[in-house]
Amino acid sequence: MASTPKGMKRHLTNYGDPDFSLYLRTAFIKAMGYTGEALDRPIIGIVDTYSGFNPCHATVPELIEAIKRGVMLAGGLPIIFPTISLHESFAYPTSMFLRNLMAMDTEEMIKAQPMDSVVLIGGCDKTVPAQLMAAASADIPAISVVTGPMLSGSHRNERVGACTDCRRFWAQYRSGAIDRSTIDDITDNLVPSGGTCGVMGTASTMACVTEALGMMLPGGATIPAVLADRMRHAEQTGARAVALASEGLTPTRIITSEALANGLRMLLAIGGSTNGIIHLAAIAGRLGVDIDFRAFDEMGRETPVLIDLKPSGSYYMDDLHRAGGLTPVFRELRPLLNLDCLTVTGRTLGEEIDNLPEPFNQEVVRTIDRPVHRGGSMAVLKGNLAGGGAIIKQSAGSPELMVHTGKAVVFESVEDMAQRIDDPNLEVEESDVLVMKNCGPRGAPGMPEAGYIPIPKKLARQGVLDMVRISDGRMSGTAFGTIVLHATPESAVGGPLALVENGDMISLDVPNRQLTLLVDESELERRRTRFKPAIDPASLRGYLRLYHEQVNQAERGCDFNFMRAAQNGTTTP
């Protein structure tokens, strides 16, 4: 069997004459100043995701230089190429809408260009999952490095950091507790450096999950963006990318169903973002694997939250790094992990855990017998309102609201919510349940993080801090509250949420994993017959039309149906 072409001979442009294709490619690449000796080395692609609209990726140019240094020290030739870059706050209508586009862009550029391995530089929420989706599908040797979390800041001697504190202070501003000049001063201090959010938001969650999956060198998930350690880790990643090129260790050998189970276990143990389950479902789908949500819920019952980090705790990501990063987490989780899974080091996860440095006293990561929260950071709800399933991050909610029955106050869309939530005439009480429809993958579109429905201003000014909120949308990993998310199928396609009307009684029972609309089935059937989809994809164009026609529901990761691998019957965990 013919061996796979290497270096410049890989993925030759098709002119019908391979020798001419190589000749032409060599002629043009020499215009970049390369010598023949340089072009004979293993070629390591480096994905450049720098953008002036992406402060989470502000340090990417320095990371690239460190990675290049590692590649060259190991005898490879680094070549940089750009892809789409996404930032949560700079993507209309939402970065989730564009995640699949970034995944497609990254996959096609990896497959189209000659590289023996690739270094993926991610950071902000959707970039890391998009790159892992792409790597799983392209399946050439790949290794991830993240930009790392920002440092925490301060405001009037109070420690602050994006973006859990963003939401806390904005809630205070909405309630009238602080004025405009104060919120402006806070805004200047919430994001004190480049890097991703300094709490256990989606970016930090996906960095930790990537390390647990085995796609990142040990220790890389938590290093703050601006530390020298981050650059040294990038250099080591570049050197390892050269070794991966010769070893042929590809993502499909690393991201197995067992490794995905490790990622899910880490997601629960860190009190990670609810977005993480959607991204892991999308990555799994690229490998022909489905998430078993019932098994995931059972996994949660035996996996306590170990990290005392906002929004489920008190500390920040730079504290977690000083506490040893994921080292104490891996040590505590060892009996619950699949230890035979390969990692990008070429060693198993068990071998890497055996090589961890000695523990030391710290307060950020708890032991399994003294956790931050027991019973799972997330719960998977069933019932006639959950449909195919809904998620609640119970570790970030109010204990007194985990069992609650209240009257529905319904918003038909994100726009409807924005227009009426602060209306002083809105009929709403603290015991009510706020419901938002048409916030899912197709309905919004892009499943925005609008599931964090704000407390109505009239109640916020009375001191109300939390209410039960339900939607088919998402919420930021930095958010907190008793919030039910990802109700599937979404209301835009006729899911159960579409049937809710103002005044209906809703029961939430998290311990028993139930979300119930207390309306007779005969009445619900009558409402079903009246449902009409609000959007006709034939009226749309471009990527928006593709998105509406092909996007899957939350339980399948909101990936495009045609991008998923043929499902092989494997599930995880």
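At 32% relative accessibility, arginine 159 sits in the partly exposed class (buried is under 20% relative accessible area, exposed over 50%, partly exposed in between, with a 1.4 Å probe and protein chains only). The model is a predicted one, so local features need pLDDT of at least 70 and side-chain atom pairs count only at pLDDT 80 or more, while totals for chains, interfaces and linings use all residues. Residues are numbered from 1 along each chain as its sequence is written, and side-chain values use heavy atoms, with hydrogens and water left out.

Arginine 159 has a partner: its side chain meets that of aspartate 319 in a salt bridge, at 2.8 Å from N to O (a salt bridge being a side-chain nitrogen of Lys or Arg within 4 Å of a carboxyl oxygen of Asp or Glu). This pair ties together distant parts of the chain, with aspartate 319 in helix α14 (residues 317-322) and arginine 159 in strand β6 (residues 158-160), 160 residues apart (helices, H or I with at least four residues, and strands, E with at least two, are DSSP runs numbered from the N terminus). Aspartate 319 is buried, at a relative accessible area of 9%, whereas arginine 159 is partly exposed. In general, side chains of opposite charge can pair when their charged atoms come close.

The structure holds 42 salt bridges. Another of them joins aspartate 229 and arginine 232, whose closest N and O atoms are 2.7 Å apart. Here the spacing is easy to read: aspartate 229 and arginine 232 are about one helical turn apart because they are three residues from each other in helix α9 (residues 228-247). Both ends are partly exposed, aspartate 229 with 33% relative accessibility and arginine 232 with 46%.

Glutamate 501 and arginine 530 also meet through their side chains, in a salt bridge of 2.9 Å, N to O. Again distant parts of the chain are linked: glutamate 501 is in the loop between β13 and β14 (505-509), arginine 530 is in helix α19 (residues 521-530), and 29 residues separate them. Through shared partners, salt bridges join Glu501, Asp504, Glu523, Arg526, Arg527 and Arg530 into one network. Within that network, glutamate 501 is partly exposed at 31% relative accessibility, and arginine 530 is partly exposed at 47%.

Next come the cavities. Searching the whole structure turns up three cavities of 30 Å³ or more (on a 1 Å grid over the protein atoms alone, a cavity is a set of points where a 1.4 Å probe fits but cannot get out, and lining residues have an atom within 4 Å of a point; grid points are joined across faces, edges and corners, and a volume is the space filled by probe spheres set on the points). The largest cavity has a volume of about 90 Å³. Its lining includes Ile277, Ile278, Phe293, His486 and Glu555. At least two lining residues come from each of α12 (275-285), β9 (389-392) and β13 (483-488), and β9 gives the largest share, three residues. By class, this lining has seven nonpolar, four polar and one charged residue (Ala, Val, Leu, Ile, Met, Phe, Trp, Tyr, Cys and Pro count as nonpolar, Asp, Glu, Lys and Arg as charged, and the others, Gly among them, as polar).

The second largest cavity comes in at about 50 Å³. Among its lining residues are Gly123, Val146, Pro149, Ala203 and Met317. Helix α8 (residues 202-213) supplies the largest share of this lining, three residues. The lining splits into seven nonpolar and four polar residues, with no charged ones.

Histidine 486, one of the residues lining the largest cavity, also shows up in the backbone geometry. Its phi is near 60 degrees, a positive value in a residue other than glycine. Histidine 486 belongs to strand β13 and is buried, at 4% relative accessibility. Histidine 11 likewise is not a glycine but has a positive phi, of about 50 degrees; histidine 11 lies in the segment before α1 and is partly exposed at 32%. For context, most residues other than glycine have a negative phi, and most peptide bonds are trans.

As for cis peptide bonds, one joins threonine 488 and proline 489, with omega at about -5 degrees. Proline 489 is in the loop between β13 and β14. A cis bond also joins alanine 444 and proline 445, with omega about -5 degrees, and proline 445 falls in the loop between β11 (433-436) and α18 (457-460).

How values were computed
1 Å grid on protein atoms, 1.4 Å probe; cavity = no way out; pocket = protein on both sides within 12 Å on 5 of 7 lines; lining within 4 Å.
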